[in-house]
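Trainee: Please take one buried side chain in this model and go through it closely. Then work outward from there to the rest of the chain.

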Amino acid sequence: MKKVTYITQKEEAKTATASSGNLMELAIANNIEGIEGDCGGVCSCATCHIHLTPEDFETVGGPGEIEEEMLELEDNVSPYSRLACQVPISSLPDQITVKVAN
């Protein structure tokens, strides 16, 4: 079971746990403000934009080509940006904190 803490733009923290799925699905299931997942998780909208810490980004890995193209459309992109729909829970360390970008 992985433990994920989401930090919203209002600096509110909410922690959820999961053993499968992806960060967007976990966020939607736990009503995380700022994660909408309008496309349903098929990497075509960027409404689940998050920022990882540099250490967690190295562990999880960077975005793929299509994800990078979606992130280029976002205003609040950092070198550690990812789309939550493209980050499987199985790729995470046991505990992680992510910041919701929008």
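Mentor: Phe57 has a relative accessible area of 16%, so this residue is buried; buried means under 20%, exposed over 50% and partly exposed in between, with a 1.4 Å probe and protein chains only. The model is predicted, so local features need pLDDT of at least 70 and side-chain atom pairs count only at pLDDT 80 or more, while totals for chains, interfaces and linings use all residues. Residues are numbered from 1 along each chain as its sequence is written, and side-chain values use heavy atoms, with hydrogens and water left out.

Phe57 sits in helix 2. Helices (H or I, at least four residues) and strands (E, at least two) are DSSP runs numbered from the N terminus. Not counting neighbours within four places in sequence, Phe57 contacts Leu52, Gly62, Pro63, Pro79, Tyr80, Ser81 and Arg82, where contact means heavy atoms within 4.5 Å. One of these partners, Pro79, is 22 residues from Phe57 in sequence, and their C-alpha atoms are 9.1 Å apart.

Helix 2 (54-60) is among the elements that give two or more residues to the largest nonpolar core, described next. That core has 28 residues, and those with the most contacts inside it are Val4, Tyr6, Leu23, Ile35, Leu83, Leu92 and Val98. Such a core is a set of buried Ala, Val, Leu, Ile, Met, Phe, Trp, Tyr and Cys residues joined through side-chain atoms within 4.5 Å. Helix 1 supplies the largest share of it, 4 residues. In soluble globular proteins, nonpolar side chains tend to be buried together.

Val98 touches Val4, Thr5, Tyr6, Ile7, Leu23, Ile50, His51 and Leu52, leaving out residues up to four places away in sequence. Leu52 is thus a partner of both Val98 and Phe57.

Thr8 is a second buried example, at 7% relative accessibility. Thr8 belongs to the loop between strand 1 and strand 2. Beyond four places in sequence, Thr8 is in contact with Ile32, Glu33, Lys99 and Val100.

For the whole chain, there are 3 helices and 5 strands, in the order β-β-α-β-α-α-β-β. Buried residues make up 43% of the 102 residues. Of the contacts with a separation of 6 or more, 62% join residues 24 or more positions apart. The C-alpha trace spans about 30 × 25 × 25 Å along its principal axes.
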